[in-house]
Each structure stands twice: as C-alpha cells, then as structure tokens.
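Student: I would like to go through some labels in a structure and ask what each one rests on.
Tutor: Then let us have the structure in view.

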Amino acid sequence: MGVPPTRALHQEAIALPAELVGLGIEGRLKQQLINDVEDYPGSLPLLQYTLTELWKQSRQQQETFLRLETYQQLGGIEGTLEKRANQVFDSLSAEEKNVARRLFLELTQVGDTLDTRRRVRLGELVNSHHSLKLLDAVSQTLASSDNRLITRSHQENSQDVVLDVVHEALIRHWGKLLEWKQTYKEAMVIERKLEAAAQEWQQKGKKRDDAGVLLQGGRLVEAQEYLNEHGKLGMLDGLAEEYIQVSNQKHKQITRNRRLVAGAFIGVLVLGIVVSTKQARKATRSEIKALSQLSETLFLSNQPFDALKESLKAVGKLKNANWVQDNTRIKAIARLRQSLYGVKESNSLDKHREPVTSLAFSRDGQTIASASGDKTVKLWNIEGKYLQTLKGHSKSVNSVAFSYDGQTIASASGDKTVKLWNREGKELQTLTGHSQPVYSVAFSRDGQTIASASFDKTVKLWNREGKELHTLTGHRAPVYSVAFSDDGQTIASASDDNTVKLWNREGKALHTLTGHRAPVYSVAFSDDGQTIASASLDNTLKLWNYEGKELHTLEGHSQAVTSVAFSDDGQTIASASLDKTVKLWNREGQQLQTLTGHSAPVISLALSYDGQTIASTSGDNTVKLWNLETKPLRTLTGHRATVYSVAWSYDGKTIASASGDNTVKLWNHQGKLLHTLTGHSEPVNSVAFSPDRKTIASASRDNTVKLWNLQGKLLHTLKGHSDDVTSVAWSYDGQTIATASGDNTVKLWNYEGKLLHTLTGHNESVNSVAFSPDRKTIASASRDNTLKLWNYEGQHMHTLEGHSQPVISVAFSPDGKTIASASWDDTVKLWNHKGQELYTITGHSASVYSVVFSRDGQTIASASGDNTVKLWNLQNQHLYTLTGHSGFVNSVAFSPDGQTIATASSDNTVILWNFDLDDLVAQSCDWLHDYLVTHEEETELRKICGIARRARQ
C-alpha cells in the first residue's frame, strides 16, 4: 500500500463497488475521483471511504447514480473525511473527546515541512489520566467499521495493540487536528523529548538517585512548566510521568538541604561570595529570586504546602535585605501571600517506610493511628508528634480502627489476621479465621463487635475477646471495606463484585446496592444512619438511602476513588482518589473544594470528630493533615449593587466605596463599616478623599458631585454638569476639585464648590480625570479614545492618541513624569509627561477599567473586566495577578503604606489584599507551627519563625 496504485487500478476501485450495489457512476465523477486520489499516496482506503459516504448520501436522496454534484457537496475527498471525523468526534463524551484528541496527536509525527503518521502501541499510552480500559474503548470506537478513522492491529508476538491513522489526509486536512497541532505544537516537542529521556532512564534501571539521568535545573523547570500548561490534557505516557515525579522528589530532597537552596546554580553562585558587599547582595537577591520561583513552580504543581515553605524562606531572607526593593521584593511577597491563602495542608507525618494504607482518629480527637505497607501501625498526637509504633503483623497492615471509647485499636493485615491493641501499644488479641488477606476492620459503636472484610469474599463478626460470631457470605469477589451504622445494627460491605451489601448484626443480608460499573473500594454511613456513601474504581461516589435507593452520583475525580468518609454532622463527604487528590462534597453531591499536595495516589482518609481536620494517607508514604479553617480574603460586603470606585484616605485609616446602590460607604482599614453616605439619587461612579483627610467627594449619575465630612454629613453639592459625573479628583494641595462628565467636559471647582473653569475639547464622554503631583497638569481620559493634558488654567496642552477603544482611567506616577491610561482595548499604556507613548502593557483578556500607581511609583495595578487585578513594573513586566472577585473589577487603589490593595467589583464587594510582609510571615509561621515543631530538620524555617527560641524557653 506504500506505492500509489495505477490509474487503471483506480478506475477499477471506483467502478466495482458501485456496480456491486447496483449504482451507476457519472463519468465526470469518475474522472474527478481519479484526479483527486492521485494526489494521495496509499489512497485506496481513502477512496473506499469517500465512495461509502457517496453511496450513503445517494441512498438517502434515492438516487440511482453517484453524481459529481453530490461529491462536491460533500467537499470532495478532504471534505468527506473532515465531515466524518467531526461527526465521530462530536458523538463522544467529554472524557472520550480528551482521549481522542490525545490519540490523534500521538499518532502525528510533526515534521519541519510536512506532518506524517506515527504508529503507537496502545499500552505505552497508559498514564495517570487515561487507563488502558479507557484508551482501549475510545480507540475501538475510532477504529470501528462505522467510523474507520484509525486502525488497530496486534503487534507480532505481542498482545499489545498498535494504533495508526487510517490516512495521512486526516493529519494534513482535518481542521480540528490542525487546530490542536497548532495549539500544542511546541508542547509536543517537549513531550516527545521527555518520553525519550524517560525511556533512557528506564533502560538504565530507573535509578531514583542518579542525578545525571534525572531531570534537574532548567530541564526540570521545563518539565514542570509543561505539566502546569498542558498536564490536564494527559499527553505524557505513564513512564514519563513517573520520571518527572521521581526527578521532582530528588529535587525536593536537594532543596531540603540548605546547601543547595533552590538548585545547584545558587550553590555555585553563593559559594565563597564574601568578597564584597555588592557581590553578597547579588547572591542574596539571586537566592530570593530562586526560592520565590521554586515556590511558584510548586504552587502550580499542586504542592501549596511545599510552596509555602519555600516562599517563607525567600521572605525570611528578604526581611534581612531591606535594600531589595524592586520586582524581586514584590514577587516574593506576592508568592508568600498566594501560598498562604492557597494552602490547606498543615502537617505531614512521614515516618512510615512504605505506602500508608489506612488511618483513624480517636473519638477525643487527640490521637491518630496510621497503618502501612511497612507492616506497622504508628500512633501520633493531633499536632503530628510521633508517639509509638505497633509491631506484630508479618505483612502489610491494610486497615486500622479505634474503638468508640478510644482504648482499643484494631488492625487488619495481609497476613490474614486482625490484631487488637491497647492505647499503650500492647497486643491484646489476634483474630484468626480468614483464609486470605484482611482489607478492612471496623468497631461497632458499643465497642462489643468487630467486623473484618477479606479477600476471601467474606465479612466476619467477632467479639472483643476474639471469638468469631458470624461469617457474612454473599459477595462473589473480594470484600475491600466494611462499616457499621452509628446505632451498630447495620453493616455495610463493599466488594470487587461492583456492589455494596447491607446486613443486620446477625449476618442476614438486607439489601444489595447495585449501580457502580467497577469494584467498590470503600463504604461509609452518615452519623444519622440514613445515608450510605460508596467509592469505586469507576471514578465516582454514590450516595444511597438506607433502603438501598441511589440518591446521587458524585463525579469529579479523574481516577478511581479509594476512600470515603462523612463528617460527624453528616453534612460533608470527603473522598480520596488515585488522582492524588482529596475532594469535599455536600450532601447534595456538589463539589466544595479539592485538596492537593500528595505526590502519589491517596489511599485512605478520615475526618476528625470536630470536623476541623482531615487526615489522608498516600502511596508517597505520608499522612497529611489538612486544616479546614478558611483564610478568607478580607471582603467588605454591604453594598446592594456594583461597586464602581474605591479610595483610601491619606492616612490609610479609612476606605471609601461608591456603588450603584446610590451610596458611599466608609470603612476602617480592618473592614468594619463606619458610615453610609446617602443623598445621591442615582448610582455613585467615583469617590475621592481630600489630602487633609477631612472631606470626601463623590460623583454620581445624578449629574452632581457631593462633598461630605468623615462623619457622613453633607457639606456641599456641586451642580453644573449636564450629564453623568463619571470621575472626581482632588489636587495635591486640596484646593481644587476636578470632575469628568458624560457631557464631554472636565470642570474645575474650588474647595467651597465654586466653578473655576470648564475644559472643553473632547468630543465624547470624559471617563476619568487626574492631577499631576507638581500641580501643573490635569489629565483626562475619554470615550473618544484619547487622553488630553491641560494646565491648571484649563488650557489644552497635548492630546495623547494610541488607544483603539474608549479610555476609561488615567493616573499620574508620584513623581509626575509618567502617565498611565486604561482602555476598553484591553491594554494599559504608559506615556511621558509630554504625551509620548512609552509602553503598551498587554495581558488582560477584557477591558481595563482602572489603573493606579503605588505610592513609591514602582508598581502599577490595573483592574479589568476579566475579574482580575494585575501588578506590573514600569518596564512593562507582569509581576502578579490577583484573583478572587466573581465579577468585573472596576477600581483599584493602593493604601498609602503600599501594604494593602483595595479593589471594587461588580460582584458588589470590595476586597482588601494583604501585602504586609510582617503580617504574612506571622500568619505563615502560625500555620506551619505544628509542622515545624515536629520537623527539627527544618532549621531555616524554625529560625525564621522563632520555633527554636521558644523551644529553649
């Protein structure tokens, strides 16, 4: 098939199929088909495909001839193939579409000038996102006789299936695939490079400590950036995923050793640098940058706890380097803030030497028991301090449970036994009777009965003395989990036979819960006994009532769900998964949050009885403790409509917000509401404080500006505009007020409200006005796409042109030398004071509504309709993005000390963003306290947080 068939063979390939189904074929069509397929090597399958589509279309139209017109309507050879490919793809589910996209990209060999087909073995595509079962199912759909987009063939002397596209025309002409290739082209190069490196690693024995073979430095950063940007597509094969994970673990080991803080390049840089103050400062700055960047990489890799540790190290150095005042400082503080507000993990218990398979809280919440493949059970206090190890099992311990009174611990093992221990770790009983490994153990609430589930397909009930009471038979496959209802009268068991069974205490089967499409790994009762939750290999959880009726299916995990538990009040459900996450859900099945941080599949979880802590176990050999206490953004709520403007008083003690609810609200810097200013009859568009901190000006859609004192008393109403007043500003000496309006003018007023000048020149609405600090210039921004500069007498000086859409906001830098403008064209522009454009700042994905300089003039903040605020330096470099609003961000303002940013949004709120370095460090140390107390090796962090000093006191 590699050699093009002759023209005669083409003719025969066209005519014979038509004759077989009793159809004639137009001579013009025959000629066109021959001409078209001659352009394609290996074209017989493509020709067969096109003829089939022609036949289907002709039959629908009840034609007796295959016609050229029908062929042209189908789009010819290429159009027919594209149409069919689109139909097949569109018929797939969302998950199947992701797999199909991956398959077609995997089957494409990107060339310098021409892309070609690439054969791939199905088994090599298995990874953490796509199981063999899923890959096999989707590839069979694509290769079916109805679809025929790819082919499946068995490799010689192998059970593995080899995939190939049906024709290279699909690679070169299918619009969707062309779009995917364009989007993913650079990533494909990195992906293939990573997979090749992983193959080399495998050939060298997959050594976990060979730094020469593992990724490090720039190669590891490139791999992590690839995962951040493209990881969700699931393109990497499983070997490459493992290779990156092992490389990352090796890198983390290195970073724990302060001698190589953020990588070897810093070690080389810092080594021996004591030659001069300049060199020492350069080294410190490099360390801060590297640690800060490492924190960002870890955060984007779903490792917020590790990110917090690295960012705290960075700002620890920053606090001792006050001379670092540039972008390095802002980024380091921003990343600490990001990690602190994003972290949920509070501690990591890491003394097990093998995967941790199970854990349990004592009822008083003071003790945690963990079971492991290392054949032990370990006890810890709630702060994470290691207490003792229970030894006695000869194989992996698969499950652990506390009695309700907390005095007895039960453990189930691969050695076919259950052992009972007291709280001091003394072995009390060994329960023997199962003929296969025991996977699960549970106590009844009264503590008198123990249930165990086994690979031998049974559940056994025992008394506290170890006497077997009943054997529950009925499952057709291994039983993985067992649980008692809170009243102890019902037992639930989960099995490899895809079912959950309910039994009474005497061992009588009550109900069988069917609905899962794969083995069920875990089962749990709500505290009221009315709801049962089950977790399955089919990636779902199901909620059932006591009679066995299915209530909800919870979907969200991308791999098997291994464990499920209810909070003590029954309102929250927690699930653990092979996708390395823990998810929280409400009783209606809505996903509440996802906890990330484990570097391997999560095997088991438990909730403390006070509902404040979740503990999870993983194949990464750790137990992680998660604090569910939220660290909410400081959000000012009270407005009943969009908040259009926010401003700080010059002493930083008071915040004013202006809203579409016709009011201005005054708040203290902690976010407490002080006063509500009412008097405007329409929405308030803008608000500003006088420099002497005594007066507030508000501009409204009712065509007026009002002046108020800090107690909310109305002092003056400025009337004169004939349309909306969109913006108000005070001169730096507080003697002049400028207002911008929809009547195309700017007006200048004195402090008592007397009109001084009217500035005319804009030919559309003026949206914003600002004074320069030197009291020489006024800038105005307009819907006519321009800015204008005026002197204080109202004379026009310059017109600044460059924006392609209305200009919404304008601001001067503190030194008056730079002007920033924000526009509906999604950009911010910087200009010098003569009106010459310096930079265009791009990055927002929607209109920019507000722009402001920090008080030191080094940072610009822009607020946008994309719901974000972005921070930039004066060199057009993006520093950080603030996310948290659920609507357009209309206004942004820096506090005078630069440590807080206030933003106003169409979600009716003002958010205060904390950039106070000392406060962020204190909060971070408080969060990490238990971890640092139990991890003495973290000497640098303990020093930053004063843990060592407190320990000595």
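The dialogue below takes a helix, two hairpins and two loop residues in turn.

Tutor: This is a predicted model, in which local features need pLDDT of at least 70, side-chain atom pairs count only at pLDDT 80 or more, and totals for chains, interfaces and linings use all residues. Residues are numbered from 1 along each chain as its sequence is written, and side-chain values use heavy atoms, with hydrogens and water left out.

Student: How do you know that the span of helix α15 agrees with what is expected?
Tutor: Helices (H or I, at least four residues) and strands (E, at least two) are DSSP runs, numbered from the N terminus. The expected span is 1.5 Å times one less than the number of residues. For the 16 residues of α15 (residues 327-342) that should be 22 Å, and the end C-alpha atoms are 22 Å apart, so the two agree.

Student: What makes α15 mostly covered?
Tutor: Buried means under 20% relative accessible area, exposed over 50%, and partly exposed in between (1.4 Å probe, protein chains only). In α15, twelve of the 16 residues are buried. Among them are Ile330, Ile333, Leu336 and Leu340, and also Arg329, Arg335 and Arg337.

Student: Why is strand β9 said to pair with strand β10?
Tutor: Two strands pair if DSSP finds at least two bridges between them. β9 and β10 (residues 367-372) have five bridges, in the antiparallel sense, so they pair by that definition. Alanine 360 stands opposite alanine 369 in β10. The two strands form a hairpin with five residues between them, and glycine 365 in the turn has a positive phi of about 75 degrees. Six of the six residues of β9 (residues 356-361) are buried.

Student: What makes β59 and β60 a pair?
Tutor: Strand β59 (residues 868-873) and strand β60 (residues 878-883) share five bridges in the antiparallel sense, so the definition is met. Threonine 868 stands opposite threonine 883 in β60. Four residues lie between the strands of this hairpin, where asparagine 876 takes a positive phi near 75 degrees.

Student: Why is arginine 693 called partly exposed?
Tutor: Its relative accessibility is 39%, so arginine 693 counts as partly exposed. Arginine 693 lies in the loop between β41 (684-689) and β42 (695-700). Its phi is near 70 degrees, a positive value in a residue other than glycine.

Student: And why is arginine 775 partly exposed?
Tutor: Arginine 775 has a relative accessible area of 45%, so it is partly exposed. The loop between β49 (766-771) and β50 (777-782) holds arginine 775, which has a positive phi of about 65 degrees although it is not a glycine.
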